[in-house]
Every structure is written in C-alpha cells, then in structure tokens.
Amino acid sequence: MEADELTPVMQDYLKVIWSAVEWGDPPITTTGLADRFGTSRANVSDVMRRLQAHGLVDYEPYRPVALTALGERLALAMVRRHRLIECFLADVLGYTWDEVHDDAERLEHAASERFLGRIDVLLGHPDADPHGDPIPTAEGHWQPPAGVVPLADAEPGAHLVARVSDADPAALARLEALGLRPGAPVTVRDGAPRYTNAVGVPLELGEAEERGVRVRPARD
C-alpha cells in the first residue's frame, strides 16, 4: 500500500499521529486528535477504525493511538511531501515561513512522486524544512536530531535554534522579528534576563514560545 491509495483525511491523520511523537512527546489520544482536527471524538473513532482496517494503526478506545510499521512508513511519506513542498514555497516562490504551512497542507495530497523528486533535486536535497524540522528521506529514513530540547528546558550557556514549531503563524512572525530562526544563536542564563540573542538583547518569550523553540548546545 502507498499513501496515494488513502483518502486525504486518512493521510492527514497518519501525519498528525506521527508528528505528535516526533520530538519525544506522548502519543496522541482520540481527544487530542478531535481537538487538532476540530471534530468530534466519534468522528475520530470512525477514522481510526478505517485506518485499523488497513493495518495502519493499533487502536483501542480511550487509549493513545500507535502507528503500525506500515502506518509509520506512509506517515513519513506524507511528512516528506509536506516539508519538501514547504521548502519549495519558501525558497522558490518567496513565501515567508509563517505562510508555507497551509498551502503545503493543500498541495501535499496532489503531489506525485515525480513532482516531489524534481523539487528535491531543484532544491539540492534539503534535509530540513523552513522551521528546522528534518525531512525524511525518499527511502523513509528519519533521524531525530541529537541533543535538541525545548528552550524552556535548556541548560545555561550558548545554544543554537534547531527547530521552531509552526503551530501558530502569529508566533512565527513574532519569533522572526526576534531573530529566532533555525541556526540562530541564543544564550540561556540562570538569572534575568533568561534569554538573550546574539548581540545580548533580552528576549521576552511566553511559555508556548519557550516550548515551541527547540535548541541544541552551540559547539565551539
């Protein structure tokens, strides 16, 4: 089975189930999926049963959802599509990083493997999307970056931004203004100000921003 054999709704669910645990967070529940898609738990349960019938998830009511090996392979295929298209929109069409997500969500369901392959070659085989999220390979390999933690959990010292959550476009625009893009330096301190940028300017961040920005220690 390939991802194109599934409905767009089923493709979206696989991608969200996988993305929920991508950075070490707990598996998503039926309630979490209902909140994510703005639907009822009954509708989510119906989709889960259809995915289970295809051998794509292990599902029991009131328990977190887990992907099977096949489900994970197809989820990674959809994640690859989405992130390559985000790169194309940003690098070729001039989208800002807070604009790419919604159009990539629409385009990923219609993209052929030939089209994705051409994008991959055109862009020089990018390994991360505009938000720093790693792009799975065409063979379905994905390696989580080592040593990456939420900014809120980072030890005092010099760090580099590794990834910024794209869940909130308004937050992305604000973080852009603060210079917190993948690769940007940020210093964590014991006292106030807790965070400063490359030139020592204090960074005032909300709790969601502290969790949404992930960093890794800077290397000399």
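# A tour of helices, rings and unusual backbone

Select Val9, Met10, Tyr13, Leu14 and Ile17 in α1, and then add Val44, Val47, Met48, Arg50 and Leu51 in α3, because these are the residues through which the two helices are in contact, where contact means heavy atoms within 4.5 Å. By class, this contact has 9 nonpolar, no polar and 1 charged residues; Ala, Val, Leu, Ile, Met, Phe, Trp, Tyr, Cys and Pro count as nonpolar, Asp, Glu, Lys and Arg as charged, and the others, Gly among them, as polar.

This is a predicted model, in which local features need pLDDT of at least 70 and side-chain atom pairs count only at pLDDT 80 or more, while totals for chains, interfaces and linings use all residues. Residues are numbered from 1 along each chain as its sequence is written, and side-chain values use heavy atoms, with hydrogens and water left out.

Now show the whole of α1 (residues 8-21) and α3 (residues 41-53), which pack at an angle of about 90° with their axes 11 Å apart. Helices (H or I, at least four residues) and strands (E, at least two) are DSSP runs, numbered from the N terminus. The axes are lines fitted to C-alpha atoms, for helices over the stretch in contact, and angles run from 0 to 180 degrees between N-to-C directions. The two helices are therefore roughly perpendicular to each other, a term for angles of 65 to 115 degrees.

Stay with Tyr13 and add Phe37, for these two form a stacked aromatic pair, 4.1 Å centre to centre with 15° between the planes. Rings of Phe, Tyr and Trp (its six-membered ring) pair if their centres lie within 6.5 Å, and planes under 30 degrees apart count as stacked, over 60 as edge-to-face. Tyr13 in helix α1 and Phe37 in helix α2 (residues 30-37) are 24 residues apart. Tyr13 is buried at a relative accessible area of 4%, whereas Phe37 is partly exposed at 27%; buried means under 20%, exposed over 50%, and partly exposed in between (1.4 Å probe, protein chains only).

Next, select Phe88 and Phe115, an edge-to-face pair at 6.4 Å centre to centre and 70° between the planes. Phe88 lies in helix α4 (residues 69-91) and Phe115 in helix α6 (residues 113-122), so the pair ties together parts that are 27 residues apart in sequence. Phe88 is buried, with a relative accessible area of 19%, and Phe115 is partly exposed, at 40%.

Return to Phe37 and add Arg36, whose charged end sits over the ring of Phe37, 5.4 Å from its centre; this requires NZ of Lys or CZ of Arg within 6 Å of the ring centre and within 35 degrees of the ring normal. Then select Arg181, which lies over the face of Trp97, at 4.2 Å from the ring centre.

The next stops concern the backbone. Most residues other than glycine have a negative phi, and most peptide bonds are trans. Select Tyr62, in the loop between β1 (57-58) and β2 (66-67), where phi has a positive value near 70°; Tyr62 is exposed, at 82% relative accessibility. Then find Ala192 and Pro193, joined by a cis peptide bond with omega about -5°.

Finish at Asp129, in the loop between α6 and β3, which is buried at 6% relative accessible area. Leaving aside neighbours within four places in sequence, Asp129 is in contact with Arg83, Glu86, Cys87 and Ile135.

How values were computed: Parallel < 35°, antiparallel > 145°, perpendicular 65-115°, else oblique.
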